[in-house]
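Please look through the structure shown here, with its sequence alongside, before reading the explanation that comes after it.

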Amino acid sequence: MLDVGRHPNIELMAYSELIKLDGKVGDFIATIRKKARFVEADKCTGCGACTEVCPTSVSDLYNEGHAERKAVYSWFAQGIPSTHVLDPDHCRVLTGKRCGICQKKCQANAINFEQTDTLVDLNVGAIVVATGYDIFDPGKMPEYRYTELDNVITAMEFERFLSASGPTAGHIDRPSDRRVKQEIAELSKQLKKSKAALERFEKAHAQDSCDFYKDFAANTLLPGDALVKDADKWAAKYQAHLEIQGPLQALEKRAGKFTTAKKLAFIQCVGSRDLRFYPFCSGYCCMHSIKEAIIAHEHDNDTHSVIFGMDIRAVGKGFEEYKIRGGNKSNIAYTRSRVAEITRGEDDNPVLIYEDTIEQKVIKRAFDLVVLATACAPVKNTRMVADILGIELDRFGFFKTDPAEPLDTTKEGIFVCGCSHSPMDIPESVAQASSAAARAVQAVMKNKKAS
Amino acid sequence: MTTDILVLGGGIAGIQSSLDLAEMGFKVHLVESLPSIGGKMAQLDKTFPTNDCAI
């Protein structure tokens, strides 16, 4: 990534999109919209001082919504370019409120609330389309209750949990446990506030709130006592205090038993090889489930994983050996089954209902955490991109190619590679990307010679 | 007539294509819709089958 930012022959236009294309091979005119960052790229040093002071927190999509970022942010810590971005939907100034603290803090004077989108016309000879894929939304499969159960997550969410730079710093804390801890933090804050209020009363009347409340409840307060004017307020505060303390103690007791997730289930073909959604095999999911199970075991040797799939497709150089190694050394069991349903069990444990096809029995089994191997879906706005480029899509929504010329789209001079071509893993994407680069060179050189 | 090349998408495929083209001496314009390049691969912790770091 760093090389791309540094290479003299590469002009990097991040936070930009293609909006129009005219011309033909050898002489395309592409119109690019550079979206306003509200941060001047030539001034921003990427120091992050603006992010530190920004008061607005926003769900962080880079961490799949399991962490928060600020309204002025960098997409991820080592991102290239390192120029920060202001989120126009959440920034207080850009949504018409008063703020501007980032502008005051920025020593480089890079924050510019007046910046607007700019259009750039590029004259190019060929185009390589590498627009990637979207992760299938498992919420479309009601039987897996992805939207209802905290502890059913996608493989990408799990990947962020495994990452040392992720929301849990590499510990596999269950989302339900993290939610409880968040509630504890919120209640503790409220408790601290109410304690401060009670202390004011206690100081004023030199009496413990508990003793006062006993007298108050028994109605034994003396009518002439200086306490009487504060009595109702004090009692109400004390009642509210108890109402926070009770649930907080219950939650803390629960949280005391929390451990990281040890029993993991991986469900394959979520959205792929499913006639309701995508009939194709997404290709890489069997391997990434094995990889995630191996890494989880590396983090904690007590971890046991079960991978549920119709078959494990370890097709690639070194992949079969990797699968066997996972089974032998990383506590991974491969169970041939298509999981029928996930229900809620005790302690927020998801319970899988499936048929063990070897035992020929329907089994119910609880796990700590379930990871869904979601399908490789075409990007949502692929149709729009295809219309701008004037190329066709195949029946699934990937860019259409001919088996005899697998990287050529339906328009001369436009080539496709990676997951916008069809689902594929990283080594295959890299190989195809080099091929597409070669095809693009052939196209521009052929035209140059002809002219 | 120009030999400049436009690459749409700054994930691992777009990055690899751009670097190859740039190394061959062609001028590349790499367009990415997100604020930083890297795509899905930048979100990954490690990659199979070598368990190497993704970025």
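The paragraphs below take up chain B, then its contact with chain A, and lastly a pair of helices in chain A.

The model is a predicted one, and chain B is a convenient place to begin. The secondary structure of chain B consists of one helix and four strands, and, read from the N terminus, these elements follow one another in the order β-α-β-β-β. With a radius of gyration of 13 Å, chain B lies well over the 10 Å that the globule rule gives for 55 residues, so this chain is more spread out than a compact globule. The box filled by its C-alpha atoms, taken along the principal axes, has dimensions of roughly 45 × 25 × 10 Å. Even so, 69% of the 55 residues of chain B are buried, where buried means that 20 or more other C-beta atoms lie within 10 Å of a residue's own. When the contacts in chain B between residues at least 6 apart in sequence are considered, 24% of them join residues at least 24 apart.

The contact between the two chains takes 50 residues from chain B and 67 residues from chain A. On the side of chain B that touches chain A, the elements giving two or more residues are strand E1 (5-8), helix H1 (12-23), strand E2 (28-31) and strand E3 (46-47) of chain B. Of these, H1(B) gives the most, with eleven residues. Sorted by class, the residues on this side of chain B comprise 25 nonpolar, 18 polar and seven charged.

Strand pairing also links the two chains, since strand E1 of chain A, residues 10-13, is joined to E2(B) by four bridges, and the two strands run parallel. Within this pairing, the residue of E2(B) that stands opposite Met13(A) is Val31(B).

What remains is a helix pair within chain A. Two packed helices are described by the angle between their axes and the distance between the axes. For helix H6 (residues 209-218) of chain A and helix H7 (residues 228-256) of chain A, the axes come within 10 Å and cross at roughly 115°, and H6(A) passes H7(A) in a left-handed crossing. Which residues meet where H6(A) and H7(A) come together? From H6(A) there are Ser209(A), Phe212(A), Tyr213(A) and Phe216(A), and these meet Ala231(A), Trp234(A), Ala235(A) and Tyr238(A) in H7(A). By class, this contact of H6(A) with H7(A) has seven nonpolar residues and one polar residue, with no charged residues.

Key: Residues are numbered from 1 along each chain as its sequence is written. Chains are lettered from A and ligands numbered from 1 in the order in which they are written. This is a predicted model: local features need pLDDT of at least 70, side-chain atom pairs count only at pLDDT 80 or more; totals for chains, interfaces and linings use all residues. The radius of gyration is taken over C-alpha atoms; the globule rule is 2.2 Å times the number of residues to the power 0.38. A residue is buried if 20 or more other C-beta atoms lie within 10 Å of its own, exposed if 12 or fewer, and partly exposed in between; C-beta atoms are placed from the backbone. Two residues are in contact if their C-beta atoms, placed from the backbone, lie within 7 Å. Axes are lines fitted to C-alpha atoms, for helices over the stretch in contact, and angles run from 0 to 180 degrees between N-to-C directions. A crossing is left-handed if the near helix is turned anticlockwise from the far one by less than a right angle, and right-handed if clockwise. Ala, Val, Leu, Ile, Met, Phe, Trp, Tyr, Cys and Pro count as nonpolar, Asp, Glu, Lys and Arg as charged, and the others, Gly among them, as polar. Two strands pair if DSSP finds at least two bridges between them.
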